[in-house]
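Here are my notes on this one, as numbered points. Have the coordinates open while you read.

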Amino acid sequence: TENNSTGDSSTISTKLGGLTLKSSTFSDNYAVGAATVSSILAEIAIESCTFKDNVASSRIHHLYFKKLLNELTISDSTFSNVILQSESSTDITGNFLMIVDSSAIITGSTFKRSHTERGAIVMDAEAETLTLQNCQFYDNYGSQAGAIYAKSSLIIESTVFQRGSNLIYTSGGKDVTIIDSTFKEHIEVAIYAEIVTRVAITSSLFDEIPSHAIYSPYANNNEQASGRLHCKYCGTVEVTSTTFQNMIRQTGCGAGIQIDNPYIASEFTSIVGIYSSTFYNLLADIGGALCFDGPDLNVLQITIKDTTINHCKAYSKGGGVWFNSFKTTTPKGDYLSFSGASKIKNCVSAKYGGAIYYESTRPTIEDTSSFFNDNSAGIYGPNWASYPVTLKIIKDPDESLWEDKVASRLLGEVREAVSRLTLRMLDDYSDTPPDFVSGQIMDPPLVIGLVDEDGQVAKNWNDGEAQIVFSNS
């Protein structure tokens, strides 16, 4: 305790050889450089140790290991209280543990109260793997990552992440595997995976908004509750027997899962499977539970089976799901399919698409008889909403569709007149065209709707204009 160093390490520095730490405590140590313990090209094992309240003036690492000769093992240890003294420094990478070009397995350990940029654990080793089993992470906040920042493969099993922000950031690794783990009471994103070959989550729980407002200089404090899995340019995403519930995303898309492949110059394919999972009480601006965004050269192939989306809400569109596969180039085979016992029920959009809103490719549903239940939308499409595909003369227009505000006492007469004229046009068009002349004013006026694939008037196109031309030729 209370060791001071003008070098990189305040207590132990090793190169080559071996180092075993057992039943030891490191606290209140100070280093001008980087770490409490640092080691390069050595064999390391840590068991039942405590690291707390250690301070460095710039790059903070309780432990710093690089190019170890063995797989680093840490068991039954506790790491707490990273303190940053130079918050203005551009070189700060505060964390409990930094591992470079080595693999590590950590079991039964606790990481708590880290307020830094890149997380309690930093793993910079694209060819290696970080394995966590039966660990706990509490109150870890970071602008990039609160708990784990990994440029490596990840295996996380039976681990709890509670409170914090941007809990896991991973990029460039081959695989991210999460089994029987819990993420709760955090803000911003739970897991952000970018350019990862495969993400697999099984039997896990994403739960609860924070019970009170949280402030950290290393968190977006305007987004107080958000719990999503966010994958960008991930080859395969598989979610099985997992629950996402009680989470809010104040802005943006998807409080549960966001698959987001923005515009790129070359084709990229994401294959997504969601099986036997539950999405409950989620709120976002777009796509309350699920958001799939794959424009232009991106390909999204999504299968959802035996999954329930219940009591989810959107401020704008897609109370349950938002699916964008809009292409300015030729589509490449996008699809979103629901099968098995999947259901969307009790979902609400304040504007469009209580259950589903899609921008281009229509999702397919294996069994529609019980798929939609009690969904609603404030403006249009309680179950589906999309875009108009045709114009349709409305035989029995509702009063709300009449822009000339026909007096209610005349509405019945006008509706009857429009219906008669409509029937004449539809019945006689193929044999005897209507007797229209150029410049003719229809009296009473025709009511023509922009209609989507489900025969619904698409009321989300209020700013559009349509030019209708009748021809006798």
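1. A quick definition before the cysteines: a disulfide here is a pair of cysteine sulfur atoms within 2.5 Å. By that cut-off the structure holds one disulfide. Keep in mind throughout that this is a predicted model.

2. Which cysteines make up the disulfide? Cys-253 is joined to Cys-291, with an S to S distance of 1.8 Å. Cys-253 sits in the loop between β29 (243-248) and β30 (257-260), and Cys-291 belongs to strand β33 (residues 290-293), so the bond ties together parts that are 38 residues apart in sequence. The torsion about the S-S bond is about 110°, so this disulfide is right-handed. Cys-253 and Cys-291 are both buried.

3. Next, a cysteine outside the disulfide. Cys-231 is in no disulfide, and its nearest cysteine sulfur, on Cys-234, is 4.1 Å away. Since the cut-off is within 2.5 Å, that distance of 4.1 Å does not qualify. Cys-231 has a relative accessible area of 1%, so it counts as buried. Cys-135 is buried too, with a relative accessible area of 0%.

4. On to the charged pairs, where the count comes to four salt bridges. One of them is formed by Arg-198 and Glu-238, whose closest N and O atoms are 3.2 Å apart. Arg-198 is in strand β25 (residues 198-202) and Glu-238 in strand β28 (residues 236-240), so to speak a link between distant parts of the chain, 40 residues apart. Arg-198 is partly exposed, with a relative accessible area of 29%. Glu-238 is also partly exposed, and its relative accessible area is 29%.

5. Another salt bridge pairs Lys-317 with Glu-359, at 3.0 Å between the closest N and O atoms. Lys-317 is in strand β36 (residues 313-317), while Glu-359 is in the loop between β41 (356-358) and β42 (364-365), so the pair ties together parts that are 42 residues apart in sequence. Are these two residues buried or partly exposed? Lys-317 counts as buried at 18% relative accessibility, whereas Glu-359 counts as partly exposed at 22%. The cut-off for buried is under 20%, so the two residues fall on opposite sides of it.

6. The loop between β41 and β42 comes up again with Arg-362. The side chain of Arg-362 meets that of Asp-454 in a salt bridge, 2.8 Å from N to O. Asp-454 is in the segment after β47 (448-451), and the pair links distant parts of the chain, 92 residues apart. Arg-362 is partly exposed, at a relative accessible area of 29%, and Asp-454 is partly exposed at 30% relative accessibility.

7. Have a look at Glu-185, which is found in strand β23 (residues 182-187). Glu-185 is buried yet has no salt bridge. How far away is the nearest side chain of opposite charge? That side chain belongs to Arg-163, and it is 4.5 Å away. A salt bridge needs the nitrogen within 4 Å of the carboxyl oxygen, so Arg-163 at 4.5 Å is not counted. What the side chain of Glu-185 does have is a polar contact with the side chain of Gln-162, at 2.7 Å.

8. Phe-96 is another buried residue, with a relative accessible area of 0%. Its place is in strand β14 (residues 95-100). The C-alpha atoms of Phe-96 and Ile-121 are separated by 5.9 Å, although these residues are 25 apart along the chain.

9. For the overall picture, the secondary structure comes to one helix and 47 strands. Of the 473 residues, 51% count as buried. Among contacts between residues at least 6 apart in sequence, 74% join residues at least 24 apart.

10. Finally, confidence. The mean pLDDT of the protein is 78, and 69% of its residues reach 70 or more. Residues 85-92 have pLDDT below 50, and this stretch has eleven contacts in the model beyond near neighbours in sequence. The pLDDT is also below 50 over residues 396-433, a stretch with 45 contacts beyond near neighbours in sequence.

Conventions:
Residues are numbered from 1 along each chain as its sequence is written. This is a predicted model: local features need pLDDT of at least 70, side-chain atom pairs count only at pLDDT 80 or more; totals for chains, interfaces and linings use all residues. Side-chain values use heavy atoms; hydrogens and water are left out. Helices (H or I, at least four residues) and strands (E, at least two) are DSSP runs, numbered from the N terminus. Buried means under 20% relative accessible area, exposed over 50%, partly exposed in between (1.4 Å probe, protein chains only). Lys and Arg count as positive and Asp and Glu as negative; His and the chain ends are not counted. A polar contact is a pair of N or O atoms within 3.5 Å; within protein, one must be able to donate a hydrogen and the other to accept it, and residues adjacent in sequence count only if both atoms are side-chain atoms. pLDDT is the predictor's confidence in each residue, from 0 to 100. Contact means heavy atoms within 4.5 Å.
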